[in-house]
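The following report walks through a single protein chain, from its charged pairs to its aromatic residues. Please keep the coordinates open while reading.

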Amino acid sequence: DNFTSDHPNSTWTCRICTLRNEGSSSRCLACLEERMRGERSLKGWSCKFCTLHNDEQTLNCLACGQWRYSTGPPVGNTKVFST
């Protein structure tokens, strides 16, 4: 199958690993999963930190827990260790 009819700037989200791929790609560049015919952008949002695609109603990412509208670096251990 050829997906060249897609808009050149379009993307699609892999249903297996959640990577956003170019619209013309027929396979995911990360996991090589084949794009399903008719697979288009999903309703929802992609986490800015881990890229998981979450549904519209979810306020925190189901994988990493980041808030949907978070900005900046991921929250974590920010303690600096010196040697």
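A salt bridge is taken here as a side-chain nitrogen of Lys or Arg within 4 Å of a carboxyl oxygen of Asp or Glu. By that criterion the structure holds two salt bridges. The model is a predicted one, in which local features need pLDDT of at least 70 and side-chain atom pairs count only at pLDDT 80 or more, while totals for chains, interfaces and linings use all residues. Residues are numbered from 1 along each chain as its sequence is written, and side-chain values use heavy atoms, with hydrogens and water left out.

**Charged pairs**

The two pairs are set out below.

| Salt bridge | Closest N and O atoms |
|---|---|
| Arginine 15 – glutamate 33 | 2.8 Å |
| Arginine 27 – glutamate 34 | 3.9 Å |

The bridge between arginine 15 and glutamate 33 ties together parts that are 18 residues apart in sequence, because arginine 15 lies in the loop between strand E1 (11–13) and strand E2 (20–22), whereas glutamate 33 lies in the loop between E2 and strand E3 (45–46). Strands in this account are DSSP runs of E with at least two residues, helices are runs of H or I with at least four residues, and both are numbered from the N terminus.

Accessibility is described with three words: buried means under 20% relative accessible area, exposed means over 50%, and partly exposed covers what is in between, with a 1.4 Å probe and protein chains only. On this scale arginine 15 is partly exposed at 46%, and its partner glutamate 33 is partly exposed at 25%. In the other bridge, arginine 27 has a relative accessibility of 43% and counts as partly exposed, as does glutamate 34 with 42%.

**The chain as a whole**

The secondary structure comprises zero helices and four strands, and the order of elements from the N terminus on is β-β-β-β. Of the 83 residues of the chain, 24% count as buried. The chain exposes about 6,300 Å², of which carbon and sulfur atoms supply 53%; accessible areas come from the Shrake-Rupley method with a 1.4 Å probe, and for residues only the protein chains shown count as cover. If contact is defined as heavy atoms within 4.5 Å, residues 24 or more positions apart account for 15% of the contacts in the chain with a separation of 6 or more.

**Backbone angles in the loops**

Leucine 32 has a positive phi of about 65° although it is not a glycine. This leucine is placed in the loop between E2 and E3 and is exposed, with a relative accessible area of 55%. Threonine 51 also has a positive phi without being a glycine, in this case of about 75°; it is found in the loop between E3 and E4, where it is partly exposed at 38% relative accessible area.

**The segment after the last strand**

Threonine 58 is found in the segment after strand E4 (53–54) and counts as buried at 13% relative accessibility. What joins the side chain of threonine 58 to that of aspartate 55? The link is a polar contact of 2.6 Å, the term standing for a pair of N or O atoms within 3.5 Å in which, within protein, one must be able to donate a hydrogen and the other to accept it, and for which residues adjacent in sequence count only if both atoms are side-chain atoms. Apart from residues up to four places away in sequence, threonine 58 touches Trp45 and Arg68.

Glycine 65 also has its place in the segment after E4 and is partly exposed, with a relative accessible area of 40%. Its C-alpha is 9.7 Å from that of phenylalanine 49, and the two residues are 16 apart in sequence.

Tryptophan 67 is likewise in the segment after E4. Rings of Phe, Tyr and Trp (its six-membered ring) pair if their centres lie within 6.5 Å, with planes under 30 degrees apart counted as stacked, over 60 as edge-to-face and the rest as tilted. By this rule the count comes to one aromatic pair. Tryptophan 67 and tyrosine 69 form that pair, which is edge-to-face, at 5.3 Å centre to centre and 75° between the planes. Both residues are partly exposed, tryptophan 67 at 46% and tyrosine 69 at 47% relative accessible area.
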